[in-house]
Amino acid sequence: MGDLTLHYQEWGAGYPLVLIHGMGSDHTVWQGIIHLLKNNYRVLALDLRGHGMSTKTPGPYSMELFSHDLNQFLESLDIDQAHFIGHSMGGSILMEMALRYPDKICSLTLISSFASVDSYLARTLKDLKNILGENGFKTFFNTCLQLTYTPNFIGENRELFSKIGKDMAQNSSISALQDTLDACLKVDLIASLEGVEIPVLVIAGKEDHFTPHYHSQNIKNAIPGAKIETMDNVGHNLPVEKGIDTGHIIRKFLDVL
C-alpha cells in the first residue's frame, strides 16, 4: 500500500467481519468482544493510519483518506465484501466508506459514533488537541479516560489503565493524533446518509460524555431502516466497559442478516 503499512490481527474463519477503532485507539479495543464473534466469522481488527503499530504518515488526514486506506486493505486481502463494526471515529470512517464504496459493505454496526460535529463535540476535540500539544500524551490519555468511561469503571481499573496508557504512549505519535483530531473536526456526513441502503445497527451508551447519545439518534434518524440499541450505565467505550453485552447485541443483529 505504497508508503503505508497497516497492522492487523485476525481470528476465526467464515464471512469477513472488520473492526475499526476510534481516534487515539488501536486494535486492542476489541478484545472484549472478539471471543463472541470469532467462532462464526473471520474477524479482522486493524490499526488505522497514524495509530497503533501502523505507519505514522504525515498529515493531513481525513475520513476520505481513512476510508480509502480501508478499501485498499480489503483489496490487498482479496475481500470483496464484509460486515463492518466501527467505534466512535471508526463509525464515521465507515459511514464515509458506505457512501464511497457501498458494494464493499454487507452491514454496518456503529458504536458511539458521530456523523456531524456540533459545537459541543467541536469544543471537546479542540480541547483534546490543545492538551496534546501543550501537556503531552499522558495528560491527553487521562483526559480521554474521563470522557470515555464511567467514574466507577475508571475507579475499578486504575492499574489496568495506567499500564494501557504507558503502552500506548510508546506507539503513539502526537502529530498523527493531532492530524486525526483535525480530521474528526471536519466530519459532515449527516445530510448524505439518506442514500445508505445497507443494514445498519447503531449502539449508544446513555452516559456517553464524548459523543452524547443524540449523535447516535441523529444517525439512526438519517439512515433509512437503521436500528438503534441504547445501553444503560455505560459511557463511550462500550466494547471495553461492557464487552459481553455489546457483543451479544452485535451477534443478535448479524445472525439474522
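# A tour from helix H8 outward

Start by selecting helix H8. At 1.5 Å a residue, its 12 residues should span 16 Å, and the end C-alpha atoms are 17 Å apart, which agrees. Keep in mind that this is a predicted model.

Now show the side chains of H8. Ala-176, Leu-177, Asp-179, Thr-180, Leu-181, Ala-183 and Cys-184 are buried. To see what covers these residues, add the neighbours: H2, H3, H4 and H5 are among them.

**Stop 2: His-51**

Stay with Leu-177 and Thr-180 of H8 for a moment. Both are touched by His-51. Select His-51 in the loop between E3 and H2. Is His-51 buried or exposed? His-51 has a relative accessible area of 2%, so it is buried. Beyond four places in sequence, His-51 also touches His-21, Gly-22, Met-23, Gly-24, Ser-25 and Lys-56.

Do not leave this loop yet. Pro-60 also lies between strand E3 (41-46) and H2. Zoom in on the bond between Gly-59 and Pro-60. This peptide bond is cis, with omega at about 0 degrees.

**Stop 3: H2 against H3**

Select residues 63-76 for helix H2 and residues 89-100 for helix H3. Their axes are 8 Å apart, and the helices pack at an angle of about 75 degrees. Angles of 65 to 115 degrees count as roughly perpendicular, so H2 and H3 are roughly perpendicular to each other.

Which residues make the contact? On the H2 side, show Met-63, Glu-64, Phe-66, Ser-67, Leu-70, Asn-71 and Leu-74. On the H3 side, show Met-89, Ser-92, Ile-93, Leu-94, Glu-96, Met-97 and Arg-100. Colour them by class: the contact has 8 nonpolar, 3 polar and 3 charged residues.

Hide H2 and keep H3. H3 has 12 residues and reaches 17 Å from its first C-alpha to its last, close to the 16 Å expected at 1.5 Å a residue. How many of the residues of H3 are buried? The count is 10 of 12, and H3 is mostly covered. Label the buried ones: Met-89, Gly-90, Gly-91, Ser-92, Ile-93, Leu-94, Met-95, Glu-96, Met-97 and Ala-98. They pack against strand E2 (15-20), H2, strand E4 (82-87), E5, H8 and H9.

**Stop 4: Ser-112**

From E5, step to Ser-112. Ser-112 is in the loop between strand E5 (105-111) and H4. Check the backbone here. Phi is positive, about 50 degrees, although Ser-112 is not a glycine. Ser-112 counts as buried, at 1% relative accessibility.

**Stop 5: H4 to H5**

Next, select Asp-127 in helix H4. At 40% relative accessibility, Asp-127 counts as partly exposed. Draw a distance from the C-alpha of Asp-127 to that of Phe-140. The two residues are 13 apart along the chain, and these atoms are separated by 9.5 Å.

Phe-140 takes you into helix H5, where it is one of the buried residues. Select residues 137-148. At 1.5 Å a residue, the 12 residues of H5 should span 16 Å, and the end C-alpha atoms are 16 Å apart, which agrees.

Show the buried set of H5: Phe-137, Phe-140, Phe-141, Cys-144, Leu-145, Leu-147 and Thr-148. Where do they sit around the axis? They cover an arc of only 165 degrees, which puts them on the same side of H5. Turn the helix over. On the other side, Lys-138 and Gln-146 are exposed.

Turn back and bring in the cover. What covers the buried residues of H5 includes helix H4 (119-135), helix H6 (151-156), helix H7 (158-171), helix H8 (174-185) and helix H10 (238-241).

**Stop 6: on either side of E7**

Move to the loop between helix H9 (213-222) and strand E7 (227-231), which holds Ala-226. Ala-226 is buried, with a relative accessible area of 9%. Apart from residues up to four places away in sequence, Ala-226 touches Val-200 and Lys-220. Now add Glu-241, 15 residues from Ala-226 along the chain. Their C-alpha atoms are separated by 24 Å.

Finish at Asn-233, in the loop between E7 and H10. Is Asn-233 buried or exposed? Asn-233 is exposed, with a relative accessible area of 53%. Its phi is positive at about 55 degrees, although Asn-233 is not a glycine.

Technical notes. Residues are numbered from 1 along each chain as its sequence is written. This is a predicted model: local features need pLDDT of at least 70, side-chain atom pairs count only at pLDDT 80 or more; totals for chains, interfaces and linings use all residues. Side-chain values use heavy atoms; hydrogens and water are left out. Axes are lines fitted to C-alpha atoms, for helices over the stretch in contact, and angles run from 0 to 180 degrees between N-to-C directions. Helices (H or I, at least four residues) and strands (E, at least two) are DSSP runs, numbered from the N terminus. Angles under 35 degrees count as roughly parallel, over 145 as roughly antiparallel, 65 to 115 as roughly perpendicular and the rest as oblique. Contact means heavy atoms within 4.5 Å. Ala, Val, Leu, Ile, Met, Phe, Trp, Tyr, Cys and Pro count as nonpolar, Asp, Glu, Lys and Arg as charged, and the others, Gly among them, as polar. The expected span of a helix is 1.5 Å times one less than its number of residues. Buried means under 20% relative accessible area, exposed over 50%, partly exposed in between (1.4 Å probe, protein chains only). The arc is that of the directions from the helix axis to the C-beta atoms.
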